[in-house]
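Q: Could you walk me through this model while I have it open? I'd like to go from single residues to pockets and cores.

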Amino acid sequence: MVKKISITLVGAGMGNPGCLTREVKERIDTADMVFGAARLSGPMSDANTQTVVDTYRVNDMIEALDRLIESGDKPELAAVFIYSGDSGFYSGAEKAYLALWKWAGAVRKEHPELQVGIDIMPGISSVSYLAARLKVSWQDAEILSLHGRDFEETLPLVRDAVRYNDKTFVLLSGAEDVRRLIKNLKDFKDAELFLGYRLSYDDEKLLRVGAGEELSDIEEGLYTAFIRNYAPNRKQLSYGIPTGEYLREDGVPITKEEIREIVLSKLRLFKGCTFYDIGSGTGGVTIDVARISPEIKVFAIEKKAERINLLRRNMDKFGLRNIYPVVGDAGDVLDEVMKKNPPDCVFIGGTEGRLRDIIDLLRKYNKNIRICLTAITLETKDQIMKLLDEEYISKPDIVEVSISRLTKLGGQHMMKKENDIMVAAFDLTGGE
């Protein structure tokens, strides 16, 4: 029976054996078993003297080790799992380590005499390699990956990085990712894109592409992109977009600028949260929230389709891709939206008398939600106050805001008072 198992998770760089560190090469050369995708495990191992397994799954390694623990003739066994790039950079090595660590704990309970060691060794990432080939530094760059990720969900992060940084690196899965990325960067007129194709291999290519340029004939394979924006925007560190910057239409409401700022402060938004704007209108709150962080997923729910069209125009104007417009009465569509994307924070700007229905729907998914509402009419204010008596409302924070705006009257100026607005925020506890 095997008495000692040494496991190493290694980063193999882009795939060319010449890019292996000496330490990694030694671990691979001395291993009894080599696991990893064929493009890596094949060229870097010796099938005549080693057991070589073409796999992406660390569970295949665990299953093989389980079989050898009982039947293996050698008292000591060395196994290596090869990952592309660097083991700590968008790699499966971390999850594999956790799975192996859990497995090792269970195995030692059955075989106390068995020693299991698990190491991780880094490789050269495609980003550092491409940066060196292009003769640029990467310590001040934004680095993201579209490889193996949902393109539409990750795209807002990429666009945000390009908008506010002069350097952005992106890992890509293949030619289709390249074409989609270029298409979605066409509005960045001051940007250019460099593509690294099959980096480190003999057929390596470096391509320069203009923003929005069409590439009809592009080879399939792995790509890493470097995007240089020669005129990045300055990232605003506070929220609050002046009302005059929005595209407007007569009869379509927008929450007043000062009220939006109070609402956003009371919503307690956080990185990666899911946010609902119920009764989005022009999209004042929607746009402001989406602009804070591309990692916030924003659902704009609006009953009138023509208002959604206006929202889409504002989305295009501000270049936002993390907003998901939903047409319909909130009381009718919320249930379907919440099945896949339950909210963390909700702003309710308009309910048309269905506030109670909306609150009851939000409670269904047994999740604590931060709610903020605004009210002008006495009827809506009364509904809000009645909510305070409900046991599932906690941490109420209610203010009534009076705003006066400077107005010119003839040759003089005066402060003109606007309607008082109640802003109510609270935590909503889920449950039937």
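Q: Serine 200 first: buried or exposed?
A: At 7% relative accessibility, serine 200 counts as buried, where buried means under 20% relative accessible area, exposed over 50% and partly exposed in between, with a 1.4 Å probe and protein chains only. Serine 200 sits in the loop between β8 and β9, and it has a positive phi of about 85° although it is not a glycine.

Q: Before we go on, what kind of model is this, and how are residues numbered?
A: It is a predicted model, in which local features need pLDDT of at least 70 and side-chain atom pairs count only at pLDDT 80 or more, while totals for chains, interfaces and linings use all residues. Residues are numbered from 1 along each chain as its sequence is written, and side-chain values use heavy atoms, with hydrogens and water left out.

Q: Which way does phi go at arginine 198?
A: Arginine 198 is not a glycine either, yet its phi is positive, at about 45°. Its place is also in the loop between β8 and β9 (205–210), the elements being DSSP runs numbered from the N terminus, with helices (H or I) of at least four residues and strands (E) of at least two. Arginine 198 has a relative accessible area of 30%, so it is partly exposed.

Q: OK, pockets. How much space lies in the largest one?
A: About 970 Å³ of space lies in the largest pocket. On a 1 Å grid over the protein atoms alone, a pocket is an open set of points with protein on both sides within 12 Å along at least five of seven lines, a cavity is a set where a 1.4 Å probe fits but cannot get out, and lining residues have an atom within 4 Å of a point. Grid points are joined across faces, edges and corners, and a volume is the space filled by probe spheres set on the points.

Q: What lines it?
A: The lining of the largest pocket has 37 residues, and Arg39, Ser84, Tyr90, His147 and Leu222 lie nearest the centre. By class there are 17 nonpolar, 14 polar and six charged residues, with Ala, Val, Leu, Ile, Met, Phe, Trp, Tyr, Cys and Pro counted as nonpolar, Asp, Glu, Lys and Arg as charged, and the others, Gly among them, as polar. The largest share, three residues, comes from β4.

Q: And the second largest pocket, what lies nearest its centre?
A: Gly279, Gly349, Gly350, Thr351 and Thr374 lie nearest the centre of that pocket, which is lined by 38 residues and holds about 820 Å³ of space. Its lining divides into 14 nonpolar, 15 polar and nine charged residues, and β15 gives the largest share, with three residues.

Q: How many cavities of 30 Å³ or more are there?
A: The structure holds one cavity of that kind, with about 40 Å³ of space in it. Among the residues lining this cavity are Ile182, Leu185, Glu192 and Ile227, and strand β8 (residues 191–197) supplies the largest share, three residues.

Q: Switching to cores: which residues touch the most other members of the largest one?
A: Val263, Phe275, Ile287 and Ile323 do, in a core of 30 residues, where a nonpolar core is a set of buried Ala, Val, Leu, Ile, Met, Phe, Trp, Tyr and Cys residues joined through side-chain atoms within 4.5 Å. Apart from it lies another core, of 29 residues, including Ile278, Ile301, Leu387 and Ile393.

Q: How enclosed is α9, and what covers its buried residues?
A: Seven of the nine residues of α9 are buried, so this helix is largely enclosed by the rest of the structure. The cover over those buried residues includes α8, β11, β12, α10, β13 (323–327) and β14, counting contact as heavy atoms within 4.5 Å.

Q: How many disulfides are there, then?
A: With a disulfide taken as a pair of cysteine sulfur atoms within 2.5 Å, the count comes to zero. Cysteine 273 is in no disulfide, and its nearest cysteine sulfur, that of cysteine 345, is 4.5 Å away.

Q: Why no bond for cysteine 345?
A: The 4.5 Å from its sulfur to the closest cysteine sulfur, in cysteine 273, is too far for a bond. Cysteine 345 is buried at 1% relative accessibility, and cysteine 273 is buried with a relative accessible area of 0%.
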